[in-house]
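Good morning, colleagues. Please take a moment to look at the sequence and the model on the screen before I begin.

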Amino acid sequence: MQQRDHLTWNSPALLGRQMDLLVFGNAGERMLAFPTSCGSYHQWADRKMPEVLAADIDAGRLQLFCAATNDAESWYDESLPLAERAAAQGRFDDCLRTEVLPRMAAINPHPVLVTVGASFGGYHAINFALRHPELVSRVLSMSGVADIRRLTHGETDGAVYFQNPAEYIPLEHDAERLAALRRLDIVLAIGRDDPLCSANEQFSIALWERGIGNALRIWDGWAHDWPFWEAMLRTYVRGHD
């Protein structure tokens, strides 16, 4: 399997910051993968995750797009006020919606879009899908951060709320959005001994309480590392088991 392309541009949504995508494959369902906290766009390639998906990629069943993030300028920059950190996340969301997805569609118009990520990448996969359920078909969060307040010392405000699924999902009441959210195939895979497990369990319950089906899959042990994420990806690449 060969890397197909490296796309890079200066993003208007990110105020001129460089945005990068690595693309593997030529056809099939589009999978948008996010790195772990502050990770590079080539992190998944470095960790050989495209090889995990090689059979599907080579057969034209899946095309993998590995994205950069702006974590270091948003949630991980504790020198910024909360509202500015949330605003930076909002700009990243805009970049994905108005720049990344159109570039993906120009390469491959397949209607199925899957968002996936591990650890903090799981937050991005969940948040983008739940903010834009009309654009996404499946979500796979592996050992994901289900509540952004983990990075804000428990604090929140109006700006944080709209970037934190653990806050906005329990209060979602819009019938059209709920219908779209209920069409998503959501998998939350997490280790039983992972400190993030409890938040994933609570988030799964919050989704079900709004009628949003999801598969909470609790693995034995800690399961918060790349060998486990490789196994999770293999297990859930087609959705919940």
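Buried, in this talk, means under 20% relative accessible area, computed with a 1.4 Å probe on protein chains only. The model before you is predicted, and I shall begin with one of its helices.

Helix H5 covers residues 120-131. By the cut-off just given, the buried residues in H5 are Phe-120, Gly-121, Gly-122, Tyr-123, His-124, Ala-125, Ile-126, Asn-127, Phe-128, Ala-129 and Leu-130. That makes eleven of its twelve residues, so H5 is largely enclosed by the rest of the structure. The geometry of H5 can also be checked: at 1.5 Å a residue, its twelve residues should span 16 Å, and the end C-alpha atoms are 17 Å apart, which agrees.

Helix H10, residues 226-236, gives us another pattern to examine. Its buried residues are Trp-226, Trp-229, Met-232, Leu-233 and Tyr-236. They cover an arc of only 110 degrees around the axis, which places them on the same side of H10. On the face turned away from that buried side, H10 carries the exposed residues Pro-227 and Arg-234.

I turn now to the strands. How many of the seven residues of strand E7 are buried? Seven of the seven, across residues 185-191, so E7 is largely enclosed by the rest of the structure. Asp-185, Val-187, Ala-189 and Gly-191 point one way from the strand, Ile-186, Leu-188 and Ile-190 point the other way, and all are buried.

Which strands pair with E7? One is strand E6, residues 138-142, which pairs with E7 in the parallel sense over five bridges. Within that pairing, Ser-141 has Leu-188 of E7 as its bridge partner. Another is strand E8, residues 215-219, which runs parallel to E7 and is joined to it by five bridges. Here the bridge partner of Val-187 is Ala-215 in E8. Between E7 and E8 the chain crosses through helix H9, residues 197-209, and this β-α-β crossover is right-handed.

Next, the cysteines. How many disulfides does a search of the whole structure find? The search finds zero. Such a bond would be covalent, between the sulfur atoms of two cysteines. For Cys-95, the closest cysteine sulfur is that of Cys-66, and at 15 Å it is too far for a bond. Cys-95 is buried, with a relative accessible area of 0%. Cys-197 is also buried, at 6%. Cys-38, by contrast, counts as partly exposed, because its relative accessibility is 41%.

Cys-38 leads to the backbone and the loops. This residue is found in the loop between strand E3 (29-34) and helix H1 (43-46). Although it is not a glycine, Cys-38 has a positive phi of about 60 degrees. Lys-48, in the loop between H1 and helix H2 (49-52), likewise has a positive phi, near 65 degrees, and is a residue other than glycine.

I close with Ser-74, which is located in the loop between strand E4 (62-67) and helix H4 (82-107). Is this loop residue buried or exposed? Ser-74 is buried, with a relative accessible area of 0%. A polar atom of its side chain lies 3.0 Å from the backbone oxygen of Asn-70.

Thank you for your attention.

Methods. Residues numbered from 1 in each chain as written. Predicted model: local features only at pLDDT ≥ 70, side-chain atom pairs only at ≥ 80, totals over all residues. Heavy atoms only, no water. Disulfide = S-S within 2.5 Å. Buried < 20%, exposed > 50% of the residue type's maximum accessible area, 1.4 Å probe, protein only. Helix = DSSP H or I, 4+ residues; strand = E, 2+ residues; numbered from the N terminus. Pairing = 2+ DSSP bridges. Right-handed = clockwise from strand over helix to strand, strands pointing away. Expected span 1.5 Å × (residues − 1). Arc of directions from axis to C-beta. Polar contact = N/O pair within 3.5 Å; in protein donor to acceptor, adjacent residues only side chain to side chain.
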